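Reader: I am new to this structure and would be grateful for a close look at a single part of it. Could you begin with one loop and then explain, step by step, what surrounds it?

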Amino acid sequence: SRLASRVRDLMIGMGFQEVSTYHLASRDVMEAKPMLPKRNLIEIVKPTSLEYTVLRDTLLPKLLQLLGMNTHIDYPQRIFEYGAVVKERGGRPENITHLGAAISDDKLSFEEMQAVVAALFRGLSKEARFSALSSPPFIDGRAAKVHVDGVEVGVVGETSPQVLVNFGMTCPVLLLEIDMSALLNLESLS
């Protein structure tokens, strides 16, 4: 789609590398390690591995897992994924397109990823607004909900130290996730 191409071009232009993670995951990766609450994840009926028992409903844990497996790579690491997550709606699984991104480096501040969000939406001729968020996997006071045209479309924040330890990382990590399907309903992006 035109929107997907624009978003990819903008993220690459800001120095991010595109990645693609598996849609399948474990509850450990999706809930325990990122300290996210238990929720209704779409389960695989006969999984062939304990590592792949559920479908992802958010990109952030998979991005954290990827960073945790690549701590031997030079920093900074700036990655993004534009892909599907699966959520239950009306008793049926539904694919929803999300954008997730992560920055890992020795020294980071919340404002760095907030600036990425602002630049992304400026490139889409929209203005992002932020409101406080206190929720895992983020550090309290260093996270925000992202709003565009009065609609909540995502989150941005600095990953809590315990979540970093859970994924085997020592460097700080900034995260963002945007529900791209929510943007499709906005006037100038469809």
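Author: In this predicted model, Pro137 is placed in the loop that runs between β6 (128-132) and β7. The peptide bond leading from Pro136 into Pro137 is cis, and its omega is near 10°. A cis bond is also found between Tyr75 and Pro76, with omega at about 0°. Pro76 belongs to the loop between α3 (60-68) and β4.

The strand before the loop of Pro137 may be taken next. Phe130 is a residue of strand β6. Is Phe130 buried, partly exposed or exposed? Phe130 counts as partly exposed, because its relative accessible area is 28%, and the buried class requires a value under 20%. Apart from neighbours within four places in sequence, Phe130 is in contact with Gln114, Val117 and Ala118, as well as with Ala144, Lys145, Val146, His147 and Val156. In sequence, Phe130 and Gln114 stand 16 residues apart, while their C-alpha atoms are 8.6 Å apart in space.

One of these contacts, Val117, leads to helix α4. Among the residues of α4, those that are buried are Phe110, Met113, Val116, Val117, Leu120 and Phe121. These residues lie on the same side of α4, because they cover an arc of only 125° around the axis. The length of α4 can also be checked: at 1.5 Å a residue, its 14 residues should span 20 Å, and the C-alpha atoms at its two ends are indeed 20 Å apart. After α4 comes Ser125, which has a positive phi, near 60°.

From this helix one may turn to the nonpolar interior. The largest nonpolar core has 30 residues, and the members that touch the most others are Val7, Met11, Leu99, Met113, Phe121, Leu176 and Ile178. At least two residues of this core come from each of α1 (2-13), β4 (77-89), β5 (92-104), α4 (110-123), β7 (138-148), β8 (151-159), β9 (173-179) and α6 (180-184). Helix α4 supplies the largest share of the core, namely six residues. Ile178 offers a view of the surroundings of one member: beyond its neighbours within four places in sequence, it is in contact with Thr97, His98, Leu99, Phe121, Val146, Val153, Gly154 and Leu183. Apart from this core there is a second, separate one of 18 residues, which includes Leu67, Leu133, Val173 and Leu175.

On the other side of β7 in sequence is a further loop, which joins β7 to β8 and contains Asp149. The phi of Asp149 is positive, about 50°, although this residue is not a glycine. Asp149 counts as partly exposed because its relative accessibility is 48%, and a residue is called exposed at over 50%. Met35 is another residue other than glycine with a positive phi, in this case near 60°. Its position is in the loop between α2 (27-32) and β3 (54-55), and with a relative accessible area of 39% Met35 is partly exposed.

Charged pairs complete the picture. The number of salt bridges in the structure is 11. In one of them, Arg27 pairs with Glu43, and their closest N and O atoms are 2.8 Å apart. This pair connects distant parts of the chain, since Arg27 is in helix α2 and Glu43, 16 residues away, is in the loop between α2 and β3. Arg27 is partly exposed at a relative accessible area of 26%, whereas Glu43 is exposed at 52%. Glu31 forms a salt bridge with Lys38, in which the closest N and O atoms are 3.8 Å apart. Glu31 counts as buried, with 3% relative accessibility, while Lys38 is exposed, at 73%.

Another salt bridge is that of Glu81 with Arg56, where the closest N and O atoms are 3.1 Å apart. Because Glu81 lies in strand β4 and Arg56 in the loop between β3 and α3, this pair ties together parts separated by 25 residues in sequence. Both Glu81 and Arg56 are buried. Finally, salt bridges with shared partners unite Arg27, Glu31, Lys38 and Glu43 in one network.

Definitions and conventions:
Residues are numbered from 1 along each chain as its sequence is written. This is a predicted model: local features need pLDDT of at least 70, side-chain atom pairs count only at pLDDT 80 or more; totals for chains, interfaces and linings use all residues. Side-chain values use heavy atoms; hydrogens and water are left out. A nonpolar core is a set of buried Ala, Val, Leu, Ile, Met, Phe, Trp, Tyr and Cys residues joined through side-chain atoms within 4.5 Å. Buried means under 20% relative accessible area, exposed over 50%, partly exposed in between (1.4 Å probe, protein chains only). Helices (H or I, at least four residues) and strands (E, at least two) are DSSP runs, numbered from the N terminus. Contact means heavy atoms within 4.5 Å. The expected span of a helix is 1.5 Å times one less than its number of residues. The arc is that of the directions from the helix axis to the C-beta atoms. A salt bridge is a side-chain nitrogen of Lys or Arg within 4 Å of a carboxyl oxygen of Asp or Glu.
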